[in-house]
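Hi,

Here is the structure I said I would pass on. Have a look at it first, and then read my notes below.

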Amino acid sequence: MQKHILLVSSLVLIFFTLLLVSCNNDIKDDLKIASINQLIIENKTLLGVTEEGRKATKIVIPDDVTSIGEKALYSCTMLTSIIMPSNLDTIGPYALMDCNKIKSITLPDSVKEIENSAFMKCSSLESITIPNKVTEISRYLFEECESLTTVAIPESVKKLTIVHSFPVLA
């Protein structure tokens with residue numbers, strides 16, 4: 001009988017320990033920051049993230065990265081915050097497409113080129129400021145960004161290609 005009670009007590013203790021660990025993991029996931037080894041970087045270009053990196057809520061791109069490649073952060077649906085390096089100059093096509101939890105993006109002043117559809121389907125994006133070195137806004141850049149209310153476009157932009165929806169001008 002005493003062995004039986006000890007066994008049941010042990011099982012209950014294990015159950016609650018596992019439950020507690022599970023709850024703590026859920027809390028950590030809410031605050032998860034992608035580590036450098038979860039970013040795929042080659043020749044100063046962020047090419048993508050690992051499967052574990054896709055679960056991150058925040059990504060800090062290292063200072064030596066100068067461009068974000070095509071579809072690099074595509075469908076990082078948990079991402080709420082991104083910190084870009086101060087020397088970033090290019091954001092490739094579809095780079096942040098479908099990052100639907102990001103509300104605001106701060107682009108460094110060094111950015112010269114933002115390629116087509118870079119922010120497409122960022123449905124929670126509310127505001128963005130285009131840096132002064134950008135001269136063209138490509139097609140579909142803000143397609144399906146339903147929450148977008150503010151886009152600061154500098155005078156340096158000489159070509160504005162708008163196709164389909166652009167909530168700010170609609």
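Before anything else, a term you'll need: two strands count as paired if DSSP finds at least two bridges between them. With that in hand, take Thr45, which stands opposite Ser67 in strand S4. Keep in mind throughout that this is a predicted model.

**How far to trust it**

The average pLDDT of the protein is 82, and 76% of the residues score at least 70. The stretch to be wary of is residues 15-30, where pLDDT stays under 50. For that stretch the model has 2 contacts beyond four places in sequence.

**The overall picture**

The protein has 1 helix and 12 strands. Reading from the N terminus, the helix comes ahead of the strands: α-β-β-β-β-β-β-β-β-β-β-β-β. There are 170 residues, and 38% of them count as buried. The exposed surface comes to about 9900 Å², with carbon and sulfur atoms supplying 56% of it. If you take the contacts between residues at least 6 apart in sequence, 24% of them join residues at least 24 apart.

**The sheet**

The part I spent time on is an open sheet of 5 strands, in the order S1-S2-S4-S6-S8, with mixed pairing. Strands S1 and S8 (113-114) stand at the edges with a single partner strand each, so one side of each has no neighbour in the sheet. As a reminder, strands of a sheet pair through backbone hydrogen bonds, either parallel or antiparallel.

Going across from the S1 edge:

- S1 (residues 39-42) pairs with S2 in the antiparallel sense, over 4 bridges. Ile40 has Gly48 as its bridge partner in S2, and Glu42 has Thr45.
- The hairpin of S1 and S2 has 2 residues between the strands, and Asn43 takes a positive phi there, near 50°.
- S2 (residues 45-49) is mostly covered, with 4 of its 5 residues buried.
- S2 and S4 (residues 67-68) run parallel and are joined by 2 bridges. This is where the Thr45 and Ser67 pair belongs.
- S6 and S8 also run parallel, again with 2 bridges. Here Ile91 stands opposite Ile114 in S8.

Thr45 is a handy landmark, by the way: Glu42 is its bridge partner in the S1 pairing, and Ser67 in S4 stands opposite it.

**The core**

Which residues have the most contacts inside the largest nonpolar core? They are Leu73, Met84, Ile91, Leu96, Ile114 and Phe119, in a core of 39 residues. Ile91 and Ile114 thus turn up on that list, and they are also the pair that face each other between S6 and S8. Leu73 is worth clicking on as well: leaving out residues up to four places away in sequence, Leu73 touches Leu46, Val49, Arg54, Ile59, Ile82, Ala95, Leu96, Met97 and Cys99. One of those, Leu96, is itself on the list of residues with the most contacts in the core.

**Two polar residues to look at**

Is Thr90, in strand S6, buried or exposed? Thr90 counts as buried because its relative accessibility is 17%, and the cut-off for buried is under 20%. Beyond its neighbours within four places in sequence, Thr90 touches Thr66, Ser67, Ile68, Glu113 and Glu115. The C-alpha atoms of Thr90 and Gly69 are 8.1 Å apart, with the two positions 21 residues apart in sequence numbering. The side chain of Thr90 also makes a polar contact of 2.9 Å with the side chain of Asp89.

Asn87 sits in the loop between strand S5 (81-83) and strand S6 (90-91). Its relative accessibility is 33%, so Asn87 counts as partly exposed. Not counting residues within four places in sequence, Asn87 is in contact with Asp63, Val65, Thr66 and Ser110. What lies 3.1 Å from a polar atom of the Asn87 side chain? The backbone oxygen of Asp63 does. Asn87 and Asp63 are 24 residues apart along the chain, while their C-alpha atoms are separated by 7.1 Å.

Happy browsing!

Technical notes:
Residues are numbered from 1 along each chain as its sequence is written. This is a predicted model: local features need pLDDT of at least 70, side-chain atom pairs count only at pLDDT 80 or more; totals for chains, interfaces and linings use all residues. Side-chain values use heavy atoms; hydrogens and water are left out. Buried means under 20% relative accessible area, exposed over 50%, partly exposed in between (1.4 Å probe, protein chains only). A nonpolar core is a set of buried Ala, Val, Leu, Ile, Met, Phe, Trp, Tyr and Cys residues joined through side-chain atoms within 4.5 Å. Contact means heavy atoms within 4.5 Å. A polar contact is a pair of N or O atoms within 3.5 Å; within protein, one must be able to donate a hydrogen and the other to accept it, and residues adjacent in sequence count only if both atoms are side-chain atoms. Accessible areas come from the Shrake-Rupley method with a 1.4 Å probe; for residues, only the protein chains shown count as cover. pLDDT is the predictor's confidence in each residue, from 0 to 100.
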